Amino acid sequence: MDNQNKDVNMDELIKEINELAHKKKAEGLTPEEQARQDVLRKKYLEIFRGNFKQQLANTKIKTPDGKLHPLKYMKQDNKKMN
């Protein structure tokens, strides 16, 4: 999937998430709509995190001596984040 397709999917996801959020605030959601909202939010976060990790993978730090060094990904312990 190329970036343009990801952007379209993100735009569509955000649009549908927002529509459900407005409906929830105005009149409430059916159990099916609530489940759909949860699925959409999880998918949004999955795409967002993937895009962010990719951006970090392509980021380099320039040291004073002029050398470029890639960022190193360190997995976090989920228990510490809570």
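# Getting to know this predicted model

Q: Where does leucine 71 lie?
A: Welcome to this predicted model. Look between strand E2, residues 68–70, and helix H3, residues 78–81. Leucine 71 sits in the piece that connects these two elements, the E2–H3 loop.

Q: Is leucine 71 buried, exposed or partly exposed?
A: Leucine 71 has a relative accessible area of 34%. Buried would mean under 20% and exposed over 50%. The value for leucine 71 falls between those limits, so this residue is partly exposed.

Q: Which residues make the nonpolar surface patch of about 420 Å²?
A: Leucine 71, from the loop after strand E2, is one of the members of this patch. Helix H2 (residues 31–57) gives the largest share, 3 residues. The full set is Phe48, Phe52, Leu56, Ile61 and Leu71.

Q: What pattern does the chain follow when read along the sequence?
A: Let's step back to the whole chain. It has 3 helices and 2 strands. Taken in sequence order, these elements give α-α-β-β-α.

Q: How much of the chain counts as buried?
A: The chain has 82 residues, and its accessible surface comes to about 7400 Å². Carbon and sulfur atoms account for 53% of that surface. The share of residues that count as buried is 9%.

Q: Which residues make up the largest nonpolar core?
A: This core has 6 residues in all. Helices H1 and H2 each supply at least two of them, and H1 gives the largest share, 4 residues. The members are Met10, Leu13, Ile17, Leu20, Leu40 and Ile47.

Q: Which residues does leucine 13 touch, not counting residues up to four places away in sequence?
A: Leucine 13 is one of the residues of the largest nonpolar core. Two of its contacts, Leu40 and Ile47, belong to that core too. With those neighbours up to four places away set aside, leucine 13 touches Leu40, Lys43, Tyr44 and Ile47.

Q: What share of the contacts with a separation of 6 or more comes from residues 24 or more positions apart?
A: Here a contact means heavy atoms within 4.5 Å. Among contacts in the chain with a separation of 6 or more, the part from residues 24 or more positions apart is 29%.

Q: Which residue forms a salt bridge with arginine 36?
A: The structure holds 3 salt bridges. In this one, the closest N and O atoms are 3.0 Å apart. The pair links distant parts of the chain, 20 residues apart, with arginine 36 in helix H2 and its partner in helix H1 (residues 3–26). That partner is glutamate 16.

Q: Is glutamate 16 buried, exposed or partly exposed?
A: Its partner arginine 36 has a relative accessible area of 39% and is partly exposed. Glutamate 16 has 26% relative accessibility. Since buried means under 20% and exposed over 50%, glutamate 16 counts as partly exposed.

Q: Which residue meets glutamate 33 in a salt bridge?
A: The N to O distance in this pair is 2.5 Å. Glutamate 33 is in helix H2, while its partner is in helix H1, 10 residues apart. The partner, partly exposed at 26% relative accessibility, is lysine 23.

Q: What separates lysine 43 and glutamate 46 in helix H2?
A: Their side chains meet in a salt bridge of 3.5 Å, N to O. Lysine 43 is partly exposed at 37% relative accessibility, whereas glutamate 46 is exposed at 52%. Because they are 3 residues apart in helix H2, what separates them is about one helical turn.

How values were computed
Residues are numbered from 1 along each chain as its sequence is written. This is a predicted model: local features need pLDDT of at least 70, side-chain atom pairs count only at pLDDT 80 or more; totals for chains, interfaces and linings use all residues. Side-chain values use heavy atoms; hydrogens and water are left out. Patches are made of residues with over 30% relative accessible area and no salt bridge: like charges are joined within 9 Å, nonpolar side chains (Val, Leu, Ile, Met, Phe, Trp, Tyr) within 5 Å. Accessible areas come from the Shrake-Rupley method with a 1.4 Å probe; for residues, only the protein chains shown count as cover. A salt bridge is a side-chain nitrogen of Lys or Arg within 4 Å of a carboxyl oxygen of Asp or Glu. Buried means under 20% relative accessible area, exposed over 50%, partly exposed in between (1.4 Å probe, protein chains only). A nonpolar core is a set of buried Ala, Val, Leu, Ile, Met, Phe, Trp, Tyr and Cys residues joined through side-chain atoms within 4.5 Å.
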